[in-house]
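Please look over the sequence and the model shown here before reading on. The text below goes through the structure step by step.

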Amino acid sequence: MVHNIVGMAAGYGLISLAATGEREERQANARIIGALGGLVGSCIADAFDPPTSCHHRKLGHSLLLGAGACAALLLIANKLSSPESQQEADSQAESQSKGRWQPGLECFLRGFAAGHASHLALDSISRMGIPL
């Protein structure tokens, strides 16, 4: 439960910093998506290594794997938010009469990375710690 709350707060906070300067409505949507990404990201380590398993805090809680996964997600999110990607999404939206999807996915991925990082940070300060 603590992981979920902190993960949502981490996703919300990261997106709040990133969405500065956007319209208020867009900021609110981005924050909600970031908080949902943070919630999912905060649960993923325990999905791979459940607390009831004898393998709890093994591969799913690895610091190196977690850092690598967070870095990969942030690189993907940065690619989605690049000007070239934005222009391509705009041209697709005009031709297909659909809204842009990249900002939502970008916010979710950034929130997910923040939520996962917060889970590992919380577990690292516990008595059991986390593996390298």
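What follows describes the overall fold, a helix pair, a salt bridge and a surface patch.

The model is a predicted one. Its protein chain contains 5 helices and 0 strands, and the order of these elements along the sequence is α-α-α-α-α. The protein chain has 132 residues, and 37% of them are buried.

A good place to start is the beginning of the chain. Helix H1 covers residues 2–18 and helix H2 covers residues 24–48. In general, a pair of packed helices is described by the distance between the axes and the angle between them. For H1 and H2, the axes lie 7 Å apart and the angle is about 140°. H1 is therefore oblique to H2, since an angle has to be over 145 degrees to count as roughly antiparallel. The crossing in which H1 passes H2 is right-handed.

Two alanines of helix H1 can be followed in more detail. Alanine 9 belongs to H1. It counts as partly exposed because its relative accessibility is 47%, and the partly exposed class lies between 20% and 50%. From the C-alpha of alanine 9 to the C-alpha of glycine 34 the distance in space is 9.0 Å, while 25 residues separate the two in sequence. Alanine 18 is also placed in helix H1. At 52% relative accessibility, alanine 18 counts as exposed, because the exposed class begins over 50%. Alanine 18 and alanine 30 are 12 residues apart in sequence, and their C-alpha atoms are 9.3 Å apart in space.

The next stop is helix H5, which spans residues 102–124. How many salt bridges does the count come to? The count comes to 1 salt bridge. Its partners are glutamate 106 and arginine 110, whose closest N and O atoms are 3.1 Å apart. Both glutamate 106 and arginine 110 sit in helix H5, with a spacing of 4 residues, or about one turn of the helix. Are these residues buried or exposed? Glutamate 106 and arginine 110 are both buried.

Helix H5 also holds alanine 121. With a relative accessible area of 42%, alanine 121 is partly exposed, so glutamate 106 and arginine 110 are buried while alanine 121 falls in the class between buried and exposed. The C-alpha atom of alanine 121 is separated by 9.2 Å from that of leucine 63, although the two residues are 58 residues apart along the chain.

Leucine 63 leads to the last feature, on the surface. Which residues make the nonpolar surface patch of about 320 Å²? The patch is made by Leu63, Leu64 and Leu132. Leucine 132 lies in the segment after helix H5. Leucine 132 counts as exposed because its relative accessibility is 64%, and the cut-off for exposed is over 50%.

Definitions and conventions: Residues numbered from 1 in each chain as written. Predicted model: local features only at pLDDT ≥ 70, side-chain atom pairs only at ≥ 80, totals over all residues. Heavy atoms only, no water. Patch = residues over 30% accessible without salt bridge, like charges linked within 9 Å, V, L, I, M, F, W, Y side chains within 5 Å. Areas by Shrake-Rupley, 256 points an atom, 1.4 Å probe, with all protein chains shown as cover. Salt bridge = Lys/Arg side-chain N within 4 Å of Asp/Glu carboxyl O. Buried < 20%, exposed > 50% of the residue type's maximum accessible area, 1.4 Å probe, protein only. Axes fitted to C-alpha atoms, helices over the stretch in contact; angles between N-to-C directions. Parallel < 35°, antiparallel > 145°, perpendicular 65-115°, else oblique. Left-handed = near helix turned anticlockwise from the far one by under 90°.
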